[in-house]
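Me: I would like a close look at a single part of this protein. Please start from one residue and work outward to what surrounds it.

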Amino acid sequence: METDGQDCVASWWDMVVRNLRHTVPSCRGEDAKGKDRGWYEAALQDGNPIIVYLHGSAEHRAAPHRLELVKMLSDGGFHVLSVDYRGYGDSTGEPTEEGLTTDAVCVYEWTKARSGTTPVCLWGHSLGTGVATNAAKVLEEKGLPVDALILEAPFTNIWVASINYPLLKIYRKLPGFLRALMDALRKDKIVFPNDENVKFLSSPLLIIHGEDDKTVPLEFGKKLYEIAHNAYRNKERVKMVVFPPGFQHNFLCRSPTLLNTVREFLSEQWA
């Protein structure tokens with residue numbers, strides 16, 4: 001079901017919300033057939049928890065591994081709002097760090113305005129973790145901390161992640177390579193500073209990472225957890241779960257324990 005925003009003030013709000021896909025909990029699948037946008041918006045208040053999913057840098061919201069995750073969460077009783085940022089999928093515009101962050105803030109605020117008392121969780125994967133913590137920091141500064149934050153395969157910041165990206169390692173010894181890479185990131189103002197953002201958050205934070213993730217190695221997730229745990233006043237709000245080999249970067253959704261891990265964390269934090 002595609003939903004579009006009717007109350008958004010600026011045109012980019014309309015664009016962002018038009019590029020949401022709302023997947024209801026599978027237990028409500030039959031009820032949803034043939035329903036209009038109004039029904040879907042009202043369904044956000046049915047008490048089933050809501051996840052706003054922010055995907056990684058490749059492809060779009062309908063990539064096969066992302067659909068697997070959405071199905072798992074839907075079968076587990078979650079509403080899932082998947083968004084294609086500007087410049088992704090059928091969204092127009094050019095992707096920038098500021099733009100992607102603005103899109104995520106818009107989607108979260110749009111969802112909260114329609115969810116009533118139902119909690120809303122931001123879930124970011126890979127690059128989406130940078131978008132998620134950027135958005136969470138913006139909302140924290142507004143006095144509206146997100147209800148919960150899940151970071152799947154997070155990095156510390158995009159500079160470190162880029163230097164250590166497997167496909168780029170073969171170029172690291174080339175003269176001027178690192179300087180050229182850093183100059184390019186600096187020129188486009190790309191940072192996605194997860195390591196700095198988590199120092200300013202108060203929302204429940206769950207970090208999940210695969211032991212055999214070669215795209216964003218586990219060491220980055222562990223480092224981010226350490227930073228967050230040290231910074232949070234309420235240590236019980238920060239948790240990290242490491243998954244055994246077999247799921248790599250994109251397929252934690254295939255772990256038989258992922259759903260229970262997420263449900264137990266959110267239930268504890270939202271009790």
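What follows is one request and one connected reply.

Me: Take Leu-122: which strand holds it, and is it buried or exposed? Then go on to the helices, the cavity and the backbone outliers.

Reply: The model is a predicted one. Start with the position. Leu-122 sits in strand β5, which covers residues 120-125. The residue is buried, with a relative accessible area of 0%. The cut-off for buried is under 20%, so Leu-122 meets it.

Now its contacts. Setting aside residues up to four places away in sequence, Leu-122 touches Val-52, Leu-54, Tyr-108, Ala-132, Ala-135, Ala-136, Val-146, Ala-148, Leu-149 and Ile-150. One of these, Tyr-108, falls in helix α5, residues 97-112. Ala-132, Ala-135 and Ala-136 belong to helix α6. Ala-148, Leu-149 and Ile-150 fall within β6 (148-152). A C-alpha distance can be added: Leu-122 and Ala-104 are 18 residues apart along the chain, with 8.9 Å between their C-alpha atoms.

Take helix α5 next. It has 16 residues. From first C-alpha to last it reaches 23 Å, close to the 22 Å expected at 1.5 Å a residue. Of those 16 residues, 13 are buried, so α5 is largely enclosed by the rest of the structure.

Helix α6 spans residues 127-141. Its 15 residues should cover 21 Å at 1.5 Å a residue, and the end C-alpha atoms are 22 Å apart, which agrees. Twelve of the 15 are buried, and the helix is mostly covered. The buried set includes the three alanines that Leu-122 touches, Ala-132, Ala-135 and Ala-136. It also includes Thr-133, Asn-134 and Glu-140. After α6 comes Gly-143, with a positive phi near 85 degrees.

Next, the cavity. The structure holds one cavity of 30 Å³ or more. The largest cavity contains about 40 Å³ of space. Its lining is Tyr-53, His-65, Arg-66, Leu-69, His-125, Glu-152, Asn-250 and Cys-253. By class, that gives three nonpolar, three polar and two charged residues. Helix α4, residues 64-75, gives the most to this lining, with three residues. Strand β5 is represented too: His-125 is in the lining, and the strand runs over residues 120-125. Glu-152 also lines the cavity, and β6 covers 148-152.

Two backbone outliers remain. Most residues other than glycine have a negative phi. Ala-153 has a positive phi of about 55 degrees although it is not a glycine. This residue lies in the loop between β6 (148-152) and α7 (158-163). Ala-153 is buried, at a relative accessible area of 2%. Gln-248 is the other case, with phi near 50 degrees, again positive. Its loop runs between β8 (238-243) and α11 (258-270). Gln-248 counts as partly exposed, at 48% relative accessibility.

Last, the whole chain. It has eleven helices and eight strands. Buried residues make up 54% of its 271 residues. Among contacts between residues at least 6 apart in sequence, 74% join residues at least 24 apart. The chain exposes about 12,500 Å², and carbon and sulfur atoms supply 52% of that.

How values were computed
Residues are numbered from 1 along each chain as its sequence is written. This is a predicted model: local features need pLDDT of at least 70, side-chain atom pairs count only at pLDDT 80 or more; totals for chains, interfaces and linings use all residues. Side-chain values use heavy atoms; hydrogens and water are left out. Helices (H or I, at least four residues) and strands (E, at least two) are DSSP runs, numbered from the N terminus. Buried means under 20% relative accessible area, exposed over 50%, partly exposed in between (1.4 Å probe, protein chains only). Contact means heavy atoms within 4.5 Å. On a 1 Å grid over the protein atoms alone, a cavity is a set of points where a 1.4 Å probe fits but cannot get out, and a pocket is an open set with protein on both sides within 12 Å along at least five of seven lines; lining residues have an atom within 4 Å of a point. Grid points are joined across faces, edges and corners, and a volume is the space filled by probe spheres set on the points. Ala, Val, Leu, Ile, Met, Phe, Trp, Tyr, Cys and Pro count as nonpolar, Asp, Glu, Lys and Arg as charged, and the others, Gly among them, as polar. Accessible areas come from the Shrake-Rupley method with a 1.4 Å probe; for residues, only the protein chains shown count as cover. The expected span of a helix is 1.5 Å times one less than its number of residues.
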